Each structure stands twice: as C-alpha cells, then as structure tokens.
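Here is a short tour for anyone meeting this structure for the first time. Have a look at the sequence and the fold, then read on.

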Amino acid sequence: MKILYKIRDHEGERTVSEDRFPIIIGADPSADIGVNDLRADEEAAYIGLSNKRPFVQAGQSEVSVQYNGQRLEGSAWLMHADTLEIGSCKITFKAEGDDFIIHVVSQESRIESVRPPPTGSMDRALKIKPLSFRSDRRQQGAGSIIRNRRFIGLTIAFSFLLLFIAAWFVFTAKQITIRIEPEPDQISISGSLIAPRFGGHFLLRPGKYNLHAVKECYYPFEESFDVGKAKSQEVRFQMERLPGSLSLQAHQSGKPQVLLNDARVIIDGQEVAITPVLNLEVKAGRRILEIQADNYQDIKTEVQIDGCSAEQSFDFALVPGWSDVFISSIPEGAAVSVDGKPAGNTPLKIELPEGNYLLQIDSDGFKTWQTQLAVELNQAQKITDIRLQPADGTLALQTTPSGANVTIGQKFVGKTPLKVQLSANTQHEIRISKAGYEKVSRRVQVSTGKLKKLAVDLKPVLGVIHFKVEPADAQLIVNGKNRGPVPPKLQLVAVSHLLEIRKKGYKPFQTRITPRPGYPQEIKITLSRLKSKPKVQTGVITAKNGYPLKLIRPQPFIMGSSRREQGRRSNETLRKINLQRPFYMGVREVTNKEFKQFLADHRSGAFKGQRLSQEDHPVVQVTWEQAALFCNWLSARESLPPVYIKKGNSLVAADPIGTGYRLPTEAEWEYGARFINSQTALKYPWGNQFPPTSPSGNYADTSAKNLLPAYIQDYNDGYPGTAPAAKFKANGLGLYDLGGNVAEWSHDFYTIYTYNTNETDSDPSGPPEGKHHVVKGSSWKYASISKLRLAYRDYSDGKRPDLGFRICRYSK
C-alpha cells in the first residue's frame, strides 16, 4: 500500500512525494507552508517522515507551536484529527483512504508539484532537499551548501536515532504513580536502566521492579511490584514504624500499695505478658490494651504506641470485682447457702462477685427463708435481722372415695389422697369436692413440725338407670367392674360412667352415661350375635373412628432434666409430678385418613418433593386449634363433654377437665415416653446412649441427607420424610412413635417453670392462658443430641411439616 501525502489550501491540492520531505513551516520564502506571523527568516516547525510515519518537530522560533491545544516541546507523531496552530495559521491532518491530507487554513502554501514552478533563479531556491530539519533556507552560494550538507546530515541522522529511541521509550513506557505512606526520605527503583521521574510519577516499561525506600523511625522498605499494560497505573505501599518500648504495672484501686503481680496483659486480643511488665517491644500505632486479673474488673482501653524505640510507662488501677454482703438472722446460727452452696452461719460476711444469686437461710424448726440477691460491684450490702418463721405442720388428707378436689382458703392444693404443708397454730378451712358426691368442709389446725391425719367419707349423690336388655342374661360392666346380670334398675353416683353390656357370642354394647338425681334414665338395647369371636386387647379402648387408646395408670415421677445432662436446655426444669387420674393415651399418632374424616379438605402436602399426605402417615400441617377441634368432634360422636371451649377468640380448656377427648398434657406425654418400668427416666426413645444403633424410630437419617442440613451418620430407618404411624417398635407401655416420625402438640400452654424442691404438682395441665403451646417429641427432621432427648421441650403457635398430634382422655 502506497501512501500519498497532500497539502490542501486556498490554492488547491498538491501532492508531496516522500523524497521532498521534510516540509518546512515558516516565514522564509523557501518554506513549504508559509506563516505570516513570523520573522522573515524564522522556521517554526518541520513535518518529517520516519519509516513512512509522519511526525512534527518544533523549530527555532519565538512563536509558540500548539499541538492539539498543548505547546509542542520536541517532536510528536502525527495522526488523524491532530491540529497545529502557529500564530494565525491552523493546520489539520486527516487520513482519507490511502491519502494523508495536510489542510492549511488562512496562509499560502508553496509546493512546486502542484503548480508550475517559476523560472530563473527561483527554480533552484524552491527545490525541497531531502533533509529532516533545516535552520535556514535562504539563498546561499553553492559552496556554502556543499560544506554544510555532510555535517547537517550526520546531525540529522543522530537526532533521528535519539528521537527514535526516545519515541520508542515514550510510546512503550507507562506512567506509574507510586504513593508511600508516610512519604519516605529516599526512594529508588531497580529493574530498569532508566526510570525517569516527573514529580510523583515514573515512566516505566511493563515488567517487574523492586522498590526501595528509607525513612527515619521506620523499617527499611523493600517491595516488588509489576507494571502492566495500562497507560496509567498507581501502586500504594505502607511503611512500618519501628516498635516502641512499653512498661506497665497494676494495683488495686484506692490502694496503690497493693500491687497486682499476676494480672494478664492483652494487646489487640493476644495475651503477651504478666504484670509487672518492663520494656516490652510493641508495634507502633493505636493498640487495644486489656488488663485482666482474677476477682477484679477488667480494664480495656486504647493506647497510642509512639514507636521509634520510644519508652512509655503506664500504671493501671483495677477495681475489685466483688462486694461485701453482711447477713444476720433471728435466731442466729442459721445456715446460709448461695445458689445451693453452703456459705456459713449467721451472722456472716461474704464476698460475692457481681451477679444475681439465690440466697437461702435454714434453721431447724423454722421455714426456709430465701430471696433473690442482686450484687453490684463495690456496693456493700447488709441484710440484717431476718426473722425466721416457725416451720409448717403437715396435713395428711384422704377421702373415700379418693380423687376429691381439695381447696384450702382460696387455693386449690390437689386431689386426695395428699399431704400439704400448713402454717402452724392457725385455723384453716378445708373444702372437699368430687363430682357425684356432696361437698364437705372442715376446719383444722396443725402444730409446728407435726403430722395431722384427716379421713373423710364422701356421701354420694345418686341417680337411677333403668335397663331393658335382650338377651336378659347379659352381663353389666360398670367402669370396668362386672356387676353380674343386667338388673332392671341401678343406682349410680351422678358422674360419668362407662357401661358395657356383654354376652358371649354377641357383640358387646358400650355407652357412657351420667345419672341425674331425680331424673331416671333408661337404656334399651338388643345385642347382636357375633359371627366370630372378637380379639380383645387388655387395657385398650377404641374411639368411634377406630382410633386405639391405651389405659395408663401413672405413678409419681420427676419430669425435666438435670443441669448435668448433655444437650439440656434451660427450659427443662426439674418438677415433682403426681398424676392421680388414670388416663387413656393414644397408641399412635393421628393419621391423614382419620383427620380427613373431620376436615375433608385438609392437605398435609409435601416437603422438598417428599410426600407427607399418605393415608396411613401421621397428619401434619395442623394448628393446635385444629387438633383441639378434632378432639371435640370425636367427643361429640360419643356424647362426651367437650374439653375445649370458646373464650373470646380463643379455645381454652374447660375447668375442671372432663372425660372428653383432648391432647395429652405435657406431664402425661413425658410419663408415657420416659417412665416405662421404673422411676428411672429414659434419656432417648431407644435407651440412654447416643446414637441409635438399629432402626428404632424415624429420625433424620442418611436417607434424608439430600433434604435436611444435618442427619445421623451411619443410621438409616428407610424413611426420608414421615413414616406410616406405628411402623416401628412400641415402647414398654405399648405406645408408638413418642420419639421420631412427627413432633406432637401438647394440651399445655408454654411457660418456663421455676425450680422448687418442696412443691409437687398434681395432674398439672399448664397455665390457664398464653400464646404458644408446648410441642413434645423429636421428628423425622431432627438429628441432634439435644432434640432427640425425650425431655426436650419446644413450642409453637403455627403449623409445621413435621408437627402432628395424638389424643388422650381421662378414664373417669
């Protein structure tokens, strides 16, 4: 490709051949492009070629040459759209195809290739000689030109070489800005023959370099850096100040003579020394300094380490981390304990760190006195003349029949038989009531530390039931007790009774009835013959919808977990429980099929593609209110009183709780799950060791590892989601899935109970109101030690994909 160079001005367009370069811009008559603003002999600039690339170089002129708006110093390559301004003359450069156009505005151009040259002596004067630069184009004698040509040629050649080297370096070097904090006293760069510096900038070619810097009070700095291909780059570095020397000691606040020789010194989170400290080398700058000593308040502060080997000293005063508490009592000599640990006998002064404590004072023949003690640092307290009250007496009360409600004053204290503590030497009014019996009241007084026994026979309130039964020799069973052949009429206490009429070879009849005094009732029934002998499971009843329940006869026990149990949570308070009323516990969890009989459009749905709605799987995604209404629906089918009643916008338990279907109380659930054959409570559904060694329930196992964030290693029960109800082995009471499969709603509102070794709760059913309800049992989503324990307590007020329920009811 051949490039044509052309000058375009008011006279037209002229072609300049390569051998006619350089083009001189000036006021001399021999200039190729004339500029009127110059002196007659000035040459302002030259346009030359280097390897066929045009460039411009400033000449010897007092008039400024503006290259693209900047003063031209030295030389610069010419490219499309570049401009030169010299006085009133403006020259633009354009690339048009293979042509390079030099467009001159406002001045005359003189190139002989476009217009015919003038004749005579001017013909020689206008010829362009192949020189890169000229200092004078005025007419001189031939001898003078010949003498200077060789010297000028060498000078031009050397200038071109320097220009080429400089241009190569300028066009390949990158502008590098080096910023070092703080600014060093000296700086040098190795890795290049030259590294020109202009102010804070260096010109460096792409490559790897080493930077060296020196400043007083700082470590010598040496760091390598890379220069990339970007035109302008910046690198930043930070010099490190020389360390300082730190000395410090600590003493007790207010007592400078009491030096602490074992306080821990921590700088920026790392323990570095023990007081006293002498000349410890510490990095310069702002440091977080901590002083810690046993039984003293910590000190944490920010210090400025000056560095540069400067010595700094500190003396810290530590405030004691305890307070004096003085305790006295009437009588003296009473035993004092703090959080259950003996502390001495009154009068007594003890030192306690800041915090909250349970303070107890005990003395023989007196009630235990206790209070919550809040200790603040350096705030001495006096608890004086605590007057201990005489110890209570004990009333042992029993009734015939048992199970009567007992109220002393305005407080319900339990059901008979019971023992209750009463303040000594005071008259107490006791009220005894039981459904179907006349109410009784007694006034009693007990002596300090003595036991008083009281036995009361309750008088029944009777109602009459008439019977008309076929066949006539059928047997009558009342509340599980055989009364022989069905009589024409029978007097029963006016409470709910379970009546069964049986005869071998006939289908038994069962009903529940409550006699009403003064209003006789009649049962008229004809038994149907059986085709085959039914299989009867002892102690198991079946609800109207076919749901099985097992009779549980509980014993007193302690629910919750001790503080030493691994995985224990703070809401698992130990509580003494006495379940006095036998109850029927659901053998298994309620299934999807059974729940849809009550609520046809319910859907248990799925979890991450895993179906939860199979008919024989436990129902999930139910609220507590839906579970409670299911119980009421089942009670209505059997003419039982509903346990849950409407109170405002909420469902609450009736008081007292009758024999209708309901959810298990938390205490009933825990008894059925943990207390199988002894008073020793099971820790896990399968035993007392973790993990389970064989499929003993449906927990988060290896089959669910793609569904759940955690699972039990090396355990596979075969069900990633829910499993069929009662799929795994029953526990010792014949109950299924009290651990695993789904967690279960409890009857109780959720609360956290306080620990009281002197109280026994009889048939507890939780607080009367609240927002959340207790959730018991682990589920198919659980794998941790904490949640798989049978003592684990959870709570909720909404539905979950792993939360279902079983039902329960009192036997009488």
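## Starting with a strand pair

Let's begin with one pair of residues: Glu-85 sits opposite Lys-90, which belongs to β11. Bear in mind that this is a predicted model. The strands here are β10 and β11, which pair in the antiparallel sense over four bridges. Two residues lie between these strands in their hairpin, and Gly-87 takes a positive phi near 60 degrees there.

β10 (residues 83-86) also has a link to strand β7 (residues 65-67): three bridges join them, and they run antiparallel. If you want a residue pair to look for, try Val-65, whose bridge partner in β10 is Ile-86.

## Following Glu-96

Strand β11 covers residues 89-96, and Glu-96 lies in it. How exposed is Glu-96? Its relative accessibility is 31%, so it counts as partly exposed; the partly exposed class runs between the cut-offs of 20% and 50%.

What does Glu-96 touch, once its neighbours within four places in sequence are left aside? The answer is Arg-8 and Ile-101. The side chain of Glu-96 also makes a polar contact with the side chain of Lys-94, at 3.3 Å. For a sense of distance, pick out Pro-692: its C-alpha atom is separated from that of Glu-96 by 87 Å, and the two residues are 596 apart along the chain.

## Another hairpin

Further along, strand β32 (residues 355-362) and strand β33 (residues 369-375) run antiparallel, with seven bridges joining them. Ile-361 has Trp-369 in β33 as its bridge partner. Six residues lie between the strands of this hairpin, and Gly-365 takes a positive phi near 85 degrees in it.

## An enclosed helix

Now for helix α5, which spans residues 666-674. Nine of its nine residues are buried, so α5 is largely enclosed by the rest of the structure. Among those buried residues are Glu-666, Trp-669, Glu-670, Tyr-671 and Arg-674.

## A cavity inside

How many cavities of 30 Å³ or more does a search of the whole structure find? It turns up one. The largest cavity has a volume of about 70 Å³.

Two names from α5 come back here, as Glu-666 and Glu-670 are among the residues that line the largest cavity. Others in the lining include Met-559, Asn-571, Arg-575, Tyr-753 and Arg-793. Sorted by type, the lining has two nonpolar, three polar and five charged residues.

Notes:
Residues numbered from 1 in each chain as written. Predicted model: local features only at pLDDT ≥ 70, side-chain atom pairs only at ≥ 80, totals over all residues. Heavy atoms only, no water. 1 Å grid on protein atoms, 1.4 Å probe; cavity = no way out; pocket = protein on both sides within 12 Å on 5 of 7 lines; lining within 4 Å. Points joined across faces, edges and corners; volume = space filled by probe spheres on them. Nonpolar A, V, L, I, M, F, W, Y, C, P; charged D, E, K, R; others polar. Pairing = 2+ DSSP bridges. Buried < 20%, exposed > 50% of the residue type's maximum accessible area, 1.4 Å probe, protein only. Contact = heavy atoms within 4.5 Å. Polar contact = N/O pair within 3.5 Å; in protein donor to acceptor, adjacent residues only side chain to side chain.
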